[in-house]
Structures are given as structure tokens and as C-alpha cells.
Amino acid sequence: MLSYIIRRLLILPFILLGVTFLIFCLFSLLSPMERLATYINNPSVLKNPQAAQRLIQKYHLDDPSPAGYIYWVQSLLRLDFGWSPTANQPVWEAITQRLPATMELVLYSIIPVILVGIWLGVISAVHHNDLLDQAIRITAIIGWSLPTFIFGLLVLFVFYGILGWLPPGRLSTWAQFAVYAGGNFKHYTHFITLDALLNKRLDIFWDALTHLIAPIITLSYISWAYLLRITRSSMLETLRKDYIRTARAKGVEEKKVIHLHAQKNALIPVVTVAGMMVVQMLGGVVITETVFTYPGLGYWAATSAQQLDYGSVVGFALLFAFMMVIGNLIVDVSYALIDPRVHLE
Amino acid sequence: MNRIIKKLLNNTASLIGLFLLLVFVLIAIFAPYIAPPMFSDPYQIQRMTWDIEPQPPGFPMSEDMRFIFESLGKPITRDRAIFGTAQGGYDIFYGLIWGTRTAFRVGIITVAFSMLIGIIGGSIAAYFGGWLDDLLMRITDIFLSIPFLVAAMVLTTILGRGLNKVMIALIAFGWMEYARVIRGSILSTKEEIYVMAAKALGVKDYRIIILHLLPNTIFPVLVQASMNIGSMVVTAAALSFLGVGAPLGYADWGQMVSFARNWIIGAPGKAGEYWYAVFFPGIFIVLFVLSWNLVGDTLRDILDPRLRGEL
């Protein structure tokens with residue numbers, strides 16, 4: 001077990017190196033001048049060819065790739081990701097400022113994925129081929145075919161446009177004022193919902209929550225629709241195993257058979273998929289935040305991409321790739337912890 | 001093969017999927033008759049008015065637009081926007097009909113090329129094994145380490161706007177799954193006796209791969225491919241929605257949805273006023289993806305013997 005974890009940890013730096021190299025290759029498709037533009041906050045420098053040439057040399061932007069890559073990684077290690085004209089601040093600052101909003105969204109989205117996906121999947125399998133099962137399955141297939149951006153717009157249309165319940169953004173104006181300009185609102189975690197509770201401001205908590213629900217639904221529904229299918233087929237397979245028949249033959253209550261005997265074993269493969277789905281949700285962040293103008297990393301990245309702000313887009317890709325690599329590592333290790341058969345491979 | 005076709009036709013879900021696909025194919029083929037283009041470039045969505053605000057279904061072409069066509073001496077073959085107009089006066093109906101062609105083009109080209117890359121990489125890795133296998137699979141891992149949509153967005157941003165750039169980006173980050181699937185099935189096939197026999201007879205490696213291994217291992221990849229066409233089209237549409245995909249005014253479903261984005265909420269007091277701007281493009285995208293998913297789902301069930309007769 002320990003050797004498996006150590007082995008995974010030893011590979012980690014190589015994967016990270018590979019990912020940075022891949023992103024560097026993408027970045028190198030730009031001309032040195034365009035890459036230079038990502039490092040400076042004063043565009044007028046670019047108009048002066050000599051000054052620009054000096055800067056290109058200073059940042060080693062015209063070096064052949066291997067050397068250029070090393071200099072680039074060094075600048076990344078110094079947290080020098082360049083300047084973001086879109087955010088009007090250094091890229092690293094822009095990232096750290098927006099990260100809590102995105103993390104708040106992603107972490108809360110895990111809850112419905114696991115609860116709803118697994119719960120409905122088990123129900124669907126237990127009521128195999130019933131009307132209930134059919135209804136759940138059809139909902140899942142339709143959900144699976146609904147692209148995030150259309151689903152998000154639908155949610156916005158119904159719950160904000162028509163009902164006026166779940167507004168876009170992260171906070172209402174009055175709450176923004178109280179949180180950022182009020183002075184006596186303390187930021188402990190930078191998760192507004194948690195901070196509001198810690199500050200004993202239930203009104204702000206409620207406001208933040210109503211802004212979060214719609215993006216959470218949008219971000220998580222594809223994942224839970226998928227998880228539901230996996231849970232269902234895994235559950236169906238387990239329910240046909242001999243030990244389940246034995247338990248039933250011995251007269252164990254049906255509820256106990258399902259929840260104690262079947263569910264435990266059926267959920268082992270589901271755990272990996274659940275972890276993978278959570279990691280996969282990172283990709284949906286860009287669209288979800290754009291639809292709801294939720295001021296996190298994804299919204300910023302999409303705006304940067306539209307404005308050809310290469311530095312920000314590359315910085316964002318680096319961060320998300322890192323998050324995905326770490327996320328996958330956590331999933332694999334926790335799977336190995338749950339299922340002792342894994343580390344034999 | 002016959003068994004598969006029979007299964008596809010016997011299953012209600014896949015039958016609905018096939019029927020929807022057929023409708024889309026017909027729309028794509030007969031686009032010039034369903035929505036005759038009035039410009040030289042048919043993929044440029046026709047504008048019915050200069051108005052920014054979306055106009056409701058049945059909106060007639062505005063006077064000033066009519067005047068332009070008349071002064072150019074071009075016949076006005078369609079003077080009503082059946083599905084209304086999107087932001088900027090773009091005719092939704094026209095955009096959707098010609099967008100069907102765009103969808104098929106994007107889906108088929110990206111899937112075909114990424115499948116080709118995946119098959120070449122995966123079969124080389126599996127057949128030769130050793131360090132080559134390790135290297136190719138580590139490269140695959142690295143490409144998989146960036147969320148697909150994020151990677152595609154970054155590459156499209158760097159390459160610049162345009163549908164071709166979008167397709168390049170989707171291919172560059174879409175081949176890994178095929179490589180893994182084909183590698184897995186070749187690994188289990190390459191120890192078979194007929195392959196050994198071919199090797200012993202001195203058949204060249206590439207001939208063994210192409211003539212003996214691929215025909216026996218390619219089916220799961222084709223299923224994967226059929227399921228991916230829908231998701232590739234969605235990703236391309238998502239990129240257009242984010243504003244890094246097709247150029248402005250190009251007949252593309254994602255762009256039609258992005259036109260609707262600013263209007264979805266409607267004017268105060270008139271919620272849902274512009275429903276058509278998102279409804280029609282949304283329906284087209286959803287049905288397109290759904291049809292591929294239904295067909296692909298059935299194919300997958302047929303392939304997976306554990307689930308036979310189960311789903």
C-alpha cells in the first residue's frame with residue numbers, strides 16, 4: 001500500500017514537468033513579440049523595437065525551445081506568470097484572488113454529484129425496469145445530452161428570468177458592499193458562505209447561497225447523470241451475485257440486503273468514477289461561470305480568451321492542469337485505500 | 001455485423017436515434033433548398049435587420065435590408081425569419097439549417113482525424129511494446145492532464161479564431177481515448193496464433209498491424225467514435241459560445257446560442273420575451289447530441305456482453 005503511494009508520488013514531478021512542457025509548446029506557437037506582450041503592463045513598450053528586443057532577450061523569448069523552456073519554468077517558479085490586461089493585475093494575483101470563488105463552487109458541487117448520483121442510481125437498480133427506473137434513466141440520458149451552456153441558460157431563464165429566485169453573479173450589490181467595503185466583515189476562508197456564517201451574518205449567507213445554487217446545479221448535473229448510470233449497472237451486477245441470493249435465502253430483510261450487503265460492494269467501482277467526475281467538473285467551470293457571470297477563474301479565463309490575453313489563458317491552463325493532476329492522484333490513492341485488490345497490479 | 005444492425009433496428013431508443021440522425025443528414029444535404037442562400041458565401045448567416053435586439057418568429061425583413069438587396073439587384077428568396085432573429089438581426093432559421101452542415105463537418109472531421117492519430121499511436125505502442133509503449137502512453141497521460149475544454153480553449157485562443165482552428169484544437173486533444181482503447185485491444189490480440197504465424201512467415205510489421213490486428217480490434221474504437229461525434233460538436237459549440245470559436249456571423253449552432261446569452265433574461269416585466277433566441281438553437285444541439293448518444297449507447301450495450309439483455 002505504502003509503496004503504491006510512494007510510487008505515485010515519485011511519478012508526480014515527471015507528469016507535472018510533462019504538462020508544463022506541453023503548455024510551453026502551445027505557448028511557443030506564438031511569436032516572441034506576442035509572448036513578450038504577456039509580460040508587460042505597458043503596451044507602448046512594444047512600439048519601440050529596441051526596447052522590445054531588449055526585453056525579449058531579458059526573458060529569453062527567442063531562445064531555441066529547450067533553453068527557453070528552462071527559463072520559462074524558472075519564471076513560473078518565481079510565480080511570474082506575466083501581466084493580465086483583462087484583470088489589470090499580474091496573472092498570479094488575478095489567480096489567487098479568484099481561486100476561492102471557483103473552489104467554493106467546485107467543492108459544493110461535489111455534494112449533489114455524490115448524493116444524488118449514487119442515491120438515484122441505487123433506487124434505479126432496486127426498481128429495475130419499473131416505471132421509476134425508466135423515468136430516472138430517461139432523465140439521465142437527456143441530462144447527458146444537454147450541453148452545459150444550454151442547460152445553464154435554461155436554469156438562468158427559469159429561475160432568474162421567470163421566477164426571479166436565483167440571480168447570477170456571486171453576491172447582490174448590498175451584500176458586496178457589506179462584504180468588501182463594510183470593514184467589519186472578516187475574511188477567514190474567502191468562501192463567502194462560510195465567512196458569512198463565521199461573521200454571524202445570516203442575510204449574507206443566504207444571499208451567497210442563492211447565487212451559488214444555480215451554478216452548482218449546472219456544473220454538477222452531467223456528472224451525477226453519469227454517476228447514476230455507473231451506480232445502476234454496478235448495483236444490478238452485484239444484486240445478481242450468489243452471496244446476495246444466500247442472504248435473501250437466509251431471510252435477511254430486503255432493506256438490509258440492499259443497503260448493507262449489496263451497496264457496499266457495488267459502490268467500490270463507483271468511488272473511482274465519482275472521483276473522476278469531480279475532477280472532470282473542472283472543465284465545466286469555464287462555461288458555468290460564464291453563463292452565470294460568476295466572478296471566478298473560469299469567467300476570467302473566458303474573458304481573457306476573447307480578448308486574446310494569452311498570458312492569463314496560459315496561466316489558467318497551468319493551474320487547472322495542476323489541479324487535475326493532483327485531483328487524479330488523490331482519487332487513485334483513495335481508491336487503493338478502499339479496494340485492497342488495486343495495489344497488486 | 002448483421003446482428004448489430006438487427007439490434008440497432010430492434011431497439012426503440014436506437015431507432016429514435018437513427019431516425020433523428022437521418023433527419024439531420026437530410027437537412028444538411030438539402031440545406032440549399034430549405035434555406036436558399038442570398039449571399040455568395042452560404043455559411044454567412046443572413047441578416048434580416050440591422051437591429052441588435054432579437055425579433056420574434058415570423059419577423060419580416062426590414063425595409064432598409066430589403067432596399068440593399070433591391071439596389072444590388074438580388075432576388076429576395078426569403079423575406080421572413082420563421083424562427084425569429086438572433087442578436088444582430090441574424091436569421092435563426094437560416095443559421096440553424098446551414099449550421100447542421102457545420103455540425104456534421106466538425107463532428108466527422110475531428111473524430112476521423114483524432115481516431116486516426118489514436119489508432120496509429122495506440123497500435124504502435126501496443127505492438128512494439130517496451131520503451132516505445134512507455135513513452136507513448138506517458139505522452140497520452142500528459143495530454144489527458146489538462147481538462148479537454150480548457151486545453152481546446154487555450155489552443156484555439158493561441159491559433160486564432162476560425163472553425164479550422166477549432167477543429168485542430170479538438171483533434172490535438174481528442175485522440176487519447178482512441179489510443180488507449182486500441183492499445184488495450186491489440187495487447188490482448190497480439191499473442192493470438194494467427195499473429196504469431198504471420199510473424200513467423202516474415203510478414204512486415206506494418207502489414208501485420210494493418211491487415212491482421214486492426215480489422216479484429218477496431219470495432220470498439222468505432223463505437224467510441226460514434227459516441228464522440230456528438231460531444232465533439234458540443235465542445236466546438238461551447239467554444240463558439242465562449243467567443244473563441246467560429247467567426248462572427250458564421251452558421252454555427254454554438255454561436256447562435258451565444259447570441260442569445262445577453263437576452264435570455266428578457267426585459268424587466270417581460271420575462272422570457274426572447275425565448276426563441278435560445279429555444280431553437282438549443283433544440284437543434286440537444287437533438288443532434290441525443291441522436292448520437294442513443295445510437296452509441298445501444299452499440300456499447302451490444303459490445304458489452306455483461307449487460308446483454310440488461311439495459
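The following is a conversation about contacts, burial and helix packing in a predicted model of two chains, A and B.

Trainee: What makes I264(B) a buried residue?

Mentor: Around I264(B) there are 23 other C-beta atoms within 10 Å, and since a residue is called buried when 20 or more lie within that distance, I264(B) is buried because its value satisfies the cut-off.

Trainee: Where in chain B is I264(B) placed, and which residues is it in contact with?

Mentor: I264(B) belongs to the loop between α13 (253-261) and β3 (266-267) of chain B. Leaving aside neighbours within four places in sequence, its contacts are L153(A), L156(A), F157(A) and G161(A) from chain A, together with Y274(B) and V278(B) from chain B.

Trainee: How many residues of each chain are in contact with the other, and what classes make up the side of chain A that touches chain B?

Mentor: In this model 40 residues of chain A are in contact with 42 residues of chain B. The elements giving two or more residues to chain A's side are α1 (2-27), α6 (131-145), α7 (148-162), α10 (202-239), α12 (254-291), α13 (297-306) and α14 (310-338), and by class that side has 32 nonpolar, 7 polar and 1 charged residues.

Trainee: How do you know that α7(A) and α10(A) are in contact, and which residues make that contact?

Mentor: Two residues count as in contact when their C-beta atoms lie within 7 Å, and the residues that make the contact are T148(A), F151(A), G152(A), V155(A), L156(A) and F159(A) of α7(A) with A214(A), I217(A), T218(A), Y221(A) and I222(A) of α10(A). By class, 8 of them are nonpolar, 3 are polar and none is charged.

Trainee: What angle do the two axes make, and is the crossing left-handed or right-handed?

Mentor: The axes of α7(A) and α10(A) come within 10 Å and cross at roughly 150°, and α7(A) passes α10(A) in a right-handed crossing.

Trainee: Which residues touch the most other members of the largest nonpolar core?

Mentor: Those are L227(A) and A317(A), in a core of 190 residues, to which α10(A) gives the most, with 16 residues. Not counting residues up to four places away in sequence, A317(A) touches I23(A) as well as I146(B), V150(B), A151(B) and V154(B).

Trainee: Which residues are buried in α11 of chain B, and what covers them?

Mentor: In α11 (residues 205-217) of chain B the buried residues include I209(B), L213(B) and T217(B), and their cover includes α5 (92-128), α9 (176-189) and α10 (193-200) of chain B. Residues three or four places apart point the same way, because an α-helix has 3.6 residues a turn.

Note on methods: Residues are numbered from 1 along each chain as its sequence is written. Chains are lettered from A and ligands numbered from 1 in the order in which they are written. This is a predicted model: local features need pLDDT of at least 70, side-chain atom pairs count only at pLDDT 80 or more; totals for chains, interfaces and linings use all residues. Helices (H or I, at least four residues) and strands (E, at least two) are DSSP runs, numbered from the N terminus. Ala, Val, Leu, Ile, Met, Phe, Trp, Tyr, Cys and Pro count as nonpolar, Asp, Glu, Lys and Arg as charged, and the others, Gly among them, as polar. Axes are lines fitted to C-alpha atoms, for helices over the stretch in contact, and angles run from 0 to 180 degrees between N-to-C directions. A crossing is left-handed if the near helix is turned anticlockwise from the far one by less than a right angle, and right-handed if clockwise. A nonpolar core is a set of buried Ala, Val, Leu, Ile, Met, Phe, Trp, Tyr and Cys residues joined through C-beta atoms within 7 Å. A residue is buried if 20 or more other C-beta atoms lie within 10 Å of its own, exposed if 12 or fewer, and partly exposed in between; C-beta atoms are placed from the backbone.
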